[in-house]
Amino acid sequence: MLLHPTYFPNIAHFVAILTSDNLVFEVCDNYQKQTYRNRSEIYGANGKLVLSVPVSYTQKLRQQSKDVQISSTDNWQLQHLKSLDSAYRMSPFYEFYIDDLMPIFETQFKYLLDLNLKCFELISEALELNKSYTLSEEFIVPDNSSNDYRHLVNAKKHTNFQFNKYTQVFMDKHGYFPNLSILDLLFNEGPNTLNYLEAQIPKL
């Protein structure tokens, strides 16, 4: 299965991962802006909130995803942590999991790839999900394969998955938001997260 490593992947990414026997992260593609490679969507008090990791990248200098560096100009880690705390401190399982995720906010990552792989590893540990992965060694040309889920990285071409609803902290104010970051599901559903994901596989 082919997937892009992303920043705190959304629910669809993890549903796809559960179906994989051989998970390969695409890292040799040309980096593109406005994707989930460096952004994650959570549910804040005012509605959907995008957490974006600043990167040093310009269109003129084509870079493969594995070579894109994180910009050190913004204190993004503190900002993201504050946003998560504000959004989820009232959720049932925020305090149970947040300490395990702190390496994301306390480690100085040079490359976006390293950050995204760490996100995947920490979430997998929280889910007790034993999924190994490899990294692509060259760009794999899309061939309409049923195991190619790289399109899930595109934030603009958002697919309306008919995943089951679950209780979200602010849904009484703003309604239900589907396919947010796995963090939204984890903080709200806790140990039931893996069961929820497995139930969504037929709907992917």
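This passage describes the fold, the core, two buried helices and the charged residues of a predicted model.

The protein has eight helices and seven strands. Its radius of gyration is 16 Å, close to the 17 Å that the globule rule gives for 204 residues, so the protein is as compact as a globular protein of that length. The C-alpha trace spans about 45 × 40 × 30 Å along its principal axes. Of the 204 residues, 51% count as buried. Many contacts link distant parts of the sequence. Among contacts between residues at least 6 apart, 70% join residues at least 24 apart.

The largest nonpolar core holds 62 residues. Within this core, Y7, F14, I104, L115, I123 and L197 touch the most other members. Helix α5, residues 112–127, gives the most to the core, with nine residues. The surroundings of L115 were examined further. Beyond its neighbours within four places in sequence, L115 is in contact with Y7, V53, I70, W76, I104 and F109. Y7 and I104 thus appear both in this contact list and among the residues that touch the most other core members.

Helix α1 spans residues 11–18 and is mostly covered, with eight of its eight residues buried. They are I11, A12, H13, F14, V15, A16, I17 and L18. The buried set therefore includes a histidine, H13, under the cut-off of 20% relative accessible area. These residues pack against strands β1 (2–3) and β2 (23–25) and against helices α5, α7 (182–189) and α8 (193–200).

Helix α7 shows a similar pattern. Eight of its eight residues are buried, so α7 is largely enclosed by the rest of the structure. The buried residues are I182, L183, D184, L185, L186, F187, N188 and E189. D184, N188 and E189 are among them. The packing partners of α7 are α1, β3, α2 (76–88), α3 (94–101), α5 and α8. Helices α1 and α7 pack against each other. Two positive phi values flank α7 in the sequence. N179 lies in the loop between α6 (171–174) and α7. Phi of N179 is near 55°, a positive value in a residue other than glycine. Most residues other than glycine have a negative phi. N179 counts as buried, at 5% relative accessibility. Just after α7, G190 takes a positive phi of about 55°.

The charged side chains were considered next. Side chains of opposite charge can pair when their charged atoms come close. The structure holds five salt bridges. One of them joins R37 and D29, at 2.7 Å from N to O. R37 counts as buried at 5% relative accessibility, and D29 is buried with a relative accessible area of 4%. A second pair is formed by E41 and K48, at 3.8 Å. Here E41 counts as buried at 10% relative accessibility, whereas K48 counts as partly exposed at 40%. R150 and D148 also meet in a salt bridge, at 2.7 Å from N to O. Both residues are buried. E26 joins D148 and R150 in a network of salt bridges.

R39 stands apart from these pairs. This arginine lies in strand β3, residues 39–44. R39 is buried yet has no salt bridge. The nearest side chain of opposite charge, E41, is 4.5 Å away. A salt bridge requires a distance within 4 Å, so this pair does not qualify. E41 is instead paired with K48. R39 does have a polar partner, as a contact of 3.4 Å joins its side chain to that of Q34. Beyond its neighbours within four places in sequence, R39 is in contact with Y7, Q34, V50, L51, S52 and A155. Y7 is also one of the residues that touch the most other members of the largest nonpolar core.

Q34 has a backbone feature of its own. Its place is in the loop between β2 and β3. Q34 has a positive phi of about 60° although it is not a glycine. At 44% relative accessibility, Q34 counts as partly exposed. The polar contact thus links the buried R39 to a partly exposed loop residue, Q34.

Definitions and conventions:
Residues are numbered from 1 along each chain as its sequence is written. This is a predicted model: local features need pLDDT of at least 70, side-chain atom pairs count only at pLDDT 80 or more; totals for chains, interfaces and linings use all residues. Side-chain values use heavy atoms; hydrogens and water are left out. Helices (H or I, at least four residues) and strands (E, at least two) are DSSP runs, numbered from the N terminus. Buried means under 20% relative accessible area, exposed over 50%, partly exposed in between (1.4 Å probe, protein chains only). Lys and Arg count as positive and Asp and Glu as negative; His and the chain ends are not counted. A polar contact is a pair of N or O atoms within 3.5 Å; within protein, one must be able to donate a hydrogen and the other to accept it, and residues adjacent in sequence count only if both atoms are side-chain atoms. Contact means heavy atoms within 4.5 Å. A nonpolar core is a set of buried Ala, Val, Leu, Ile, Met, Phe, Trp, Tyr and Cys residues joined through side-chain atoms within 4.5 Å. The radius of gyration is taken over C-alpha atoms; the globule rule is 2.2 Å times the number of residues to the power 0.38.
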